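User: I'm new to this structure and would like a close look at one part of it. Could you walk me through a sheet and whatever packs against it, then show how that part sits in the rest of the chain?

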Amino acid sequence: MKLHDETLLGDFDRDDEVSVEDEVVASSIAVGYPLQRNLVVVGYALTSKKIKSFLQPKLQGLARNKGILFVAIDLNRPLSAQGPFDIVLHKLIGCEWRQILEDYRRIHPEVTVLDPPDAIQHLHNRQSMLQCVAEISLSDSCGKVDIPRQLVIKKDASSIPDTVTKAGLALPLVAKPLVADGSAKSHELSLAFDQRSLRKLEPPLVLQEFVNHGGVMFKVYVVGEAIKVVRRFSLPDVCKRELTNNAGVLHFPRVSCASASADDADLDPHIAELPPRPLLEKLAKELRCQLGLRLFNLDIIREHGKGDQYYVIDINYFPGYGKMPEYEHIFTDFLLSLVHCRYKKKS
């Protein structure tokens with residue numbers, strides 16, 4: 001397998017053919033491990049954008065120190081002919097790749113695939129994405145979790161106003177693409193203020209009732225059983241007077257991003273307060289079981305003026321963990337725990 005020199009440790013030439021076994025030996029020598037030590041080999045199939053944001057030097061350095069080696073999967077060769085891997089980490093789309101992974105999982109049940117492609121596919125459609133949350137109906141002394149009322153429009157924009165009226169949805173409405181595949185387009189959203197503007201939207205899409213939330217959302221990163229929460233600026237509240245005076249559609253290429261961090265902002269404490277930890281832990285646990293996934297994040301808002309009412313408005317698979325504080329330690333500990341649990345089951 002041809003591997004780039006930044007992935008390997010040692011003095012291999014970039015164009016040399018190097019096996020995973022050779023890498024393990026080279027890595028052992030470089031980090032001072034005895035040769036018999038078994039490294040955790042993680043094969044990864046990621047987009048170039050994801051590689052740049054996720055496989056940062058700090059993560060790879062910490063991984064090496066903990067005995068974890070990241071190895072690029074060659075998409076031009078059969079997956080079963082590569083490795084051996086302890087874990088396969090991936091975020092690619094397409095029917096062909098899904099089939100390759102499903103075949104690999106069947107042939108190599110001893111390898112942990114993060115995550116099952118069919119389970120990931122569930123999050124690529126916003127119609128089904130939030131269904132699990134709606135079915136959980138989590139409510140206890142810490143607060144209530146729900147989803148905004150929503151409507152799916154698959155075609156015919158001219159019929160949207162009548163469909164919205166029949167469904168009883170209240171304006172303004174947030175419009176999101178039905179397909180959530182991680183592309184830039186899938187992150188675009190619009191805010192429609194009046195009935196006439198609804199005809200300007202482009203199906204297929206999901207319409208969600210806009211919930212005032214103080215202009216702040218909470219991104220809840222889930223890595224196995226670990227949870228990390230950060231604040232992000234979001235759409236500002238819309239009052240009734242603004243709704244009366246505004247018309248048309250406002251387009252937003254992407255609401256939540258690293259530059260929109262609200263963690264250090266001077267916010268009203270009632271708006272800035274993070275959701276209760278016990279509530280998030282219960283929600284994450286339920287969703288791990290329901291979705292069959294271990295790597296995802298939730299976009300959550302708190303209804304303004306109702307301190308215990310939360311809404312999940314989006315779920316993303318394998319999100320931008322590079323934006324999550326201390327992600328290097330959390331992620332490497334998670335990878336080691338997967339291998340530890342597997343060996344524990346064998347013994």
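Analyst: Let's start with an open sheet of 4 strands, which has the order 2-1-3-4 with parallel pairing. Keep in mind that this is a predicted model. At the edges sit strand 2 (68–72) and strand 4, and each of these pairs on one side only. Going from one strand to the next, the twist averages 25°.

Now zoom in on one pair. Strand 1 and strand 3 run in the parallel sense and are joined over 5 bridges. If you want a spot to look for in the viewer, find G43, which stands opposite V88 in strand 3. As background, strands of a sheet pair through backbone hydrogen bonds, either parallel or antiparallel.

What lies across this sheet? Helix 4 lies across strand 1, strand 3 and strand 4, running at about 165° to strand 3. Helix 4 covers residues 95–107, and a quick length check works out nicely: at 1.5 Å a residue, its 13 residues should span 18 Å, and the end C-alpha atoms are indeed 18 Å apart, so the two agree.

Which residues of helix 4 are buried? They are W97, L101, E102 and Y104. These buried residues cover an arc of only 160° around the axis, which means they are on the same side of helix 4. As for what covers them, the list includes strand 1 (40–46), strand 3 (87–91), strand 4 (112–114) and helix 5 (117–121). Turn the helix around and you get the face that points away from the buried side, which carries the exposed residues C95, E96, R106 and I107.

Another helix makes a good companion to that picture. Helix 11 (residues 277–291) has 15 residues and reaches 21 Å from its first C-alpha to its last, close to the 21 Å expected at 1.5 Å a residue. Its buried residues are L279, L280, L283, A284, L287, R288 and L291. Looking down the axis of helix 11, you'd see those buried residues fall within an arc of 160°, so they line one face of the helix. K285 and C289, on the other side of helix 11, are exposed. Right after helix 11 comes G292, with a positive phi near 75°.

The chain also has an open sheet of 5 strands, with the order 7-10-8-9-13 and antiparallel pairing. Here the edges are strand 7 (150–153) and strand 13 (249–252), each pairing on one side only. The twist in this sheet averages 25° from one strand to the next. Within it, strand 8 (residues 173–177) and strand 9 (residues 189–192) pair in the antiparallel sense over 3 bridges, and V174 stands opposite L191 in strand 9. A helix lies across this sheet too: helix 8 (residues 160–167) crosses strand 7, strand 8 and strand 10 (205–209), at about 150° to strand 7.

Finally, step back to the whole protein chain. It has 12 helices and 15 strands, and of its 347 residues, 49% count as buried. Among contacts with a separation of 6 or more, 70% are between residues 24 or more positions apart. The chain exposes about 17,400 Å², with carbon and sulfur atoms supplying 51% of that area.

Terms used. Residues are numbered from 1 along each chain as its sequence is written. This is a predicted model: local features need pLDDT of at least 70, side-chain atom pairs count only at pLDDT 80 or more; totals for chains, interfaces and linings use all residues. Side-chain values use heavy atoms; hydrogens and water are left out. Helices (H or I, at least four residues) and strands (E, at least two) are DSSP runs, numbered from the N terminus. Buried means under 20% relative accessible area, exposed over 50%, partly exposed in between (1.4 Å probe, protein chains only). Contact means heavy atoms within 4.5 Å. Accessible areas come from the Shrake-Rupley method with a 1.4 Å probe; for residues, only the protein chains shown count as cover. Two strands pair if DSSP finds at least two bridges between them. Axes are lines fitted to C-alpha atoms, for helices over the stretch in contact, and angles run from 0 to 180 degrees between N-to-C directions. The expected span of a helix is 1.5 Å times one less than its number of residues. The arc is that of the directions from the helix axis to the C-beta atoms.
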